[in-house]
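Q: Please take a close look at one part of this model, the place where its ligands are held. A connected account suited to a first-year student would be welcome.

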Amino acid sequence: MKVVSINQKRLQERIEKLSEIGKTKDDGVQRVALSDEDREGHLLLTEWMREAGLKVRHDHFGNLIGRKEGLNPNLPCIMIGSHTDSVKNGGKFDGIIGVLAGIEVAHIINEENVSHQYPIEVVSFCEEEGSRFNDGLFGSRGMVGKINREDLEKTDENKISRYDALRSFGFGINPDLIDNSVRTPKEVKYYFEMHIEQGPYLQETNYPIGIVSGIAGPAWFKVKLIGEAGHAGTVPMNLRKDPMIGAAEIIKEIESVCMKNPTAPTVGTVGLINAFPGGSNIIPRSVEFTMDIRDIVLERRNEAIREIKIKIEEISKARGLEFEIEQNVDASPVQCSKTLIKTFKDVCEELQLEVPVMVSGAGHDAMFLADISEMGMIFVRCRDGISHQPNEWADIEDISIGTKVLLEAVLKHI
Ligand SMILES: CSCC[C@H](NC(N)=O)C(=O)O
Ligand SMILES: [Mn+2]
């Protein structure tokens, strides 16, 4: 294997520079999809992709795509991707390191004049986090043909539709032409993604990187409970139809259902809750909250969801509440390509790196790229497993090891 080294300094400088865009007061990052900050990030990534010898375009889902042709233009591409949009007040490594590592791989292939048969693409997927329109993995779902007109009509908290947000993002994006941006298995051979682990396993076991065997499937819901509004001071407790108390009871049940089997990695989270009309002296008319249920085993996840839905019905009935349940994401758990797991293992052996194989609790664009390609992921250790908040941190040495493994894995297949 020809020994080429990645440019750690360039990688580190770019992580820092990109994290300046959308910087929050407590040193976090906020680049919500299709926002001004996201656009500024795309402009900077476009510059870097061009420097790496990539021809840059946007597809009509808002995905930023850099491409370098191979010797045989009829072959499917080798794609390296992740995302650069963030959660609200998030960290500066989630998604970013995968896109910057992809650009770094392109730089090395270009600078070392590596000849390659397959075209290479580096992609920053649009709205992986789902923090604007409340349904993540948008750009990757679009690329594999799983986005419809209804998805474009979703609105954000300012009542702006995704359709209008895409239109006004610029770069020639036209949501009326999304069908032209759908890719097929004939167009993508392998998809690689490097991402911070966002969990504590690699730190606890003292490995810099890990090979991902499979990705847990997230199911997202919005639950609305409707009761009777009233004066906080005058309505006797026994006469109330208070949706907030109903929500409290249901949320406790979500925890109980997900913890029922202590050996299972089933997880449930309520990350957002709102009371309407909202006021300390008003018994709410209605309460809306999100539900995020995940597991690496689809049947076990769906059984947990079934049990939670029964609890929602029972508690609502007992409290005289009406309820509505809307599903926003239904991503099935997915296994990574055995071919690429073996490639990563071979590369780590050649680099004399001992590396564990592990499951991803977080969702990734890779889970939908698996629909049209063989997909492989590597994880980079992050401090205390912290993610989705400003204290998210990954050491550049670990990021560089991951990028080196990614580079060598790509070199084995191009
Ligand atoms: C619909 S899944 C949203 C994607 C997000 N992904 C990461 N890596 O944080 C997550 O796992 O929450
Ligand atoms: Mn994330």
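A: The following account treats the surroundings of ligand 1 and then the site of the metal ion.

The model is predicted. Around ligand 1 there are 15 residues, and Glu128, Gln198, Arg294, Gly363 and His388 come nearest. By character, this shell consists of five nonpolar, six polar and four charged residues. Both domain 1 (8-215 + 333-411) and domain 2 (217-330) contribute at least three residues each to the shell.

Several polar contacts can be described atom by atom. In the side chain of Glu128, an N or O atom is 2.9 Å from a nitrogen atom of ligand 1. Gly363 takes part through its backbone, where an N or O atom lies 2.8 Å from an oxygen atom of the ligand. His388 places a polar side-chain atom 2.9 Å from an oxygen atom of ligand 1. Of the 350 Å² of accessible area that ligand 1 has on its own, the protein covers 96%.

His388 also belongs to the metal site. The manganese ion (ligand 2) is coordinated by Asp94 (OD), Glu129 (OE), Glu129 (OE) and His388 (NE2), at 2.0 to 2.8 Å. Along the sequence, these donor residues follow the spacing D-x34-E-x258-H. Glu129 lies in the loop between strand 4 (120-125) and helix 4 (138-143), while His388 lies in the loop between strand 16 (374-380) and helix 12 (396-411), so the pair ties together parts that are 259 residues apart in sequence.

The accessibility of these two donors can also be stated. Glu129 has a relative accessible area of 8% and is therefore buried, the cut-off being under 20%. His388, at 40% relative accessibility, counts as partly exposed.

Key: Residues numbered from 1 in each chain as written. Chains lettered and ligands numbered in written order. Predicted model: local features only at pLDDT ≥ 70, side-chain atom pairs only at ≥ 80, totals over all residues. Heavy atoms only, no water. Near = heavy atom within 4 Å. Polar contact = N/O pair within 3.5 Å; in protein donor to acceptor, adjacent residues only side chain to side chain. Areas by Shrake-Rupley, 256 points an atom, 1.4 Å probe, with all protein chains shown as cover. Nonpolar A, V, L, I, M, F, W, Y, C, P; charged D, E, K, R; others polar. Domains from an automatic or database assignment. Donors = N, O, S within 2.8 Å, 3.2 Å for Na, K, Ca; no water. Helix = DSSP H or I, 4+ residues; strand = E, 2+ residues; numbered from the N terminus. Buried < 20%, exposed > 50% of the residue type's maximum accessible area, 1.4 Å probe, protein only.
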